[in-house]
Amino acid sequence: MKNFFLLIFLFSFANSQELLNGYIEAEFTYISPYNSGILDEIYVQKGQEISPEDKLFCVDKALGEADLKIAQNEVNKAKSNYENLIKGKRQSEIFALNAQLNSAKIALENAQKEFFRAQKLFKSNTISKSEFDQKSANFDTAKAKVAEFEAVLQTANLGARDDEIEIAKTNIAIAEQNLEKTKLIFAKNTAVSQHSGQIYDIYFKKGEFVGANSPVLSILEPQNIKVRFFVPQKILAKLKIGDEIGVSCDGCEGEKPAVISYISPSAEFTPPVIYSVASREKMVFMLEATFAPNTEFKPGLGVSVRIK
């Protein structure tokens, strides 16, 4: 294709010292998914004009939503555990402990009465030493049981230990961090445009598997459209980067200004050419020039370039 334009250039230059032939090129922006997966949705169409923040496509939407629910449940579970720890036992559990304590106190009163009665009987040699010892042991056991239930009830009213509460707080922080990470991944699985331009091409269909490095679509941004043309070395010496040129095409309204942005460091020619002083006129250098953002020129369009 380049040789074709070179031939056009050589023909045109022989007839005109001012107008050169060139063609429009473009640099495309290729958009790939953050993660590989099934292409669930495509929100744009080929040729559609887009703006920043427009949704482009989505990969593994259902799977991402399921991961979000799991992560949110983990956060809820960690918070619920923390609330239970700082509140202590539930009211029904406290009621049950109080009932057990009251029963233990009643048992203690009976054991105390039996012990005092046994003391009197033992002093009068009415009961044996072993019987007295048994009553004494029952009394001590009853006192210990009351003390045990009082301690359990006090602990229940206080809630969990400080170290358990700190662990619960850490678990909440970990669960929340995982949720934020899951939200970020889910958000990135929906590609959002960072550019203004036109959807130039779409390479996949809904339901197809897309790799993480595989572009789903390409975007043509107006500022990435440029003209490529060729000049002989005797004209090249008069040009530099930043010089303005005029570009026109069949059917275009007027001439559009462009600025030279690139000058090839090496010459090229249409073979066969034997290098000599006489063949220098056939050697040309490739130049590129950029426009103010516009959508009038399309990639591949043949244009005329006027050196100012």
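**Exercise 1.** Which residues of the largest nonpolar core touch the most other members?

*Solution.* Keep in mind that you are working with a predicted model.
Step 1: collect the core, which holds 25 residues.
Step 2: rank them by the other members they touch; Val-227, Phe-229, Ile-245 and Phe-297 come out on top.
Step 3: map the core onto the fold. Two or more residues come from each of strand 1 (19–31), strand 8 (217–232), helix 6 (233–236), strand 9, strand 10, strand 11 (284–291) and strand 12 (302–307). Strand 8 contributes the most, namely five residues.

**Exercise 2.** List what Ile-245 touches, leaving out residues up to four places away in sequence.

*Solution.* Start with two residues we have already met, Val-227 and Phe-229. Then add Lys-256, Pro-257, Ala-258 and Ile-260. Finish with Ala-289, Val-305, Arg-306, Ile-307 and Lys-308. While you are looking at cores, find the second, separate one: it has 15 residues, among them Leu-101, Ala-104, Phe-115 and Phe-139.

**Exercise 3.** Is Asp-250 buried or exposed?

*Solution.* First locate Asp-250: it sits in the loop linking strand 9 (244–248) to strand 10 (256–268). Its relative accessible area is 79%. Exposed means over 50%, so Asp-250 is exposed. As a last check, compute the C-alpha separation from Ser-304, 54 residues apart along the chain: you should get 8.8 Å.

**Exercise 4.** In what order do the four strands of the open sheet lie?

*Solution.* The order is 5-4-2-7, with antiparallel pairing. Strand 5 (190–192) and strand 7 (209–210) are the edges, each pairing on one side only. Now zoom in on strand 2 (residues 37–42) and strand 7: two bridges join this antiparallel pair, and Ile-38 faces Phe-209 of strand 7.

Note on methods. Residues are numbered from 1 along each chain as its sequence is written. This is a predicted model: local features need pLDDT of at least 70, side-chain atom pairs count only at pLDDT 80 or more; totals for chains, interfaces and linings use all residues. Side-chain values use heavy atoms; hydrogens and water are left out. Buried means under 20% relative accessible area, exposed over 50%, partly exposed in between (1.4 Å probe, protein chains only). A nonpolar core is a set of buried Ala, Val, Leu, Ile, Met, Phe, Trp, Tyr and Cys residues joined through side-chain atoms within 4.5 Å. Contact means heavy atoms within 4.5 Å. Two strands pair if DSSP finds at least two bridges between them.
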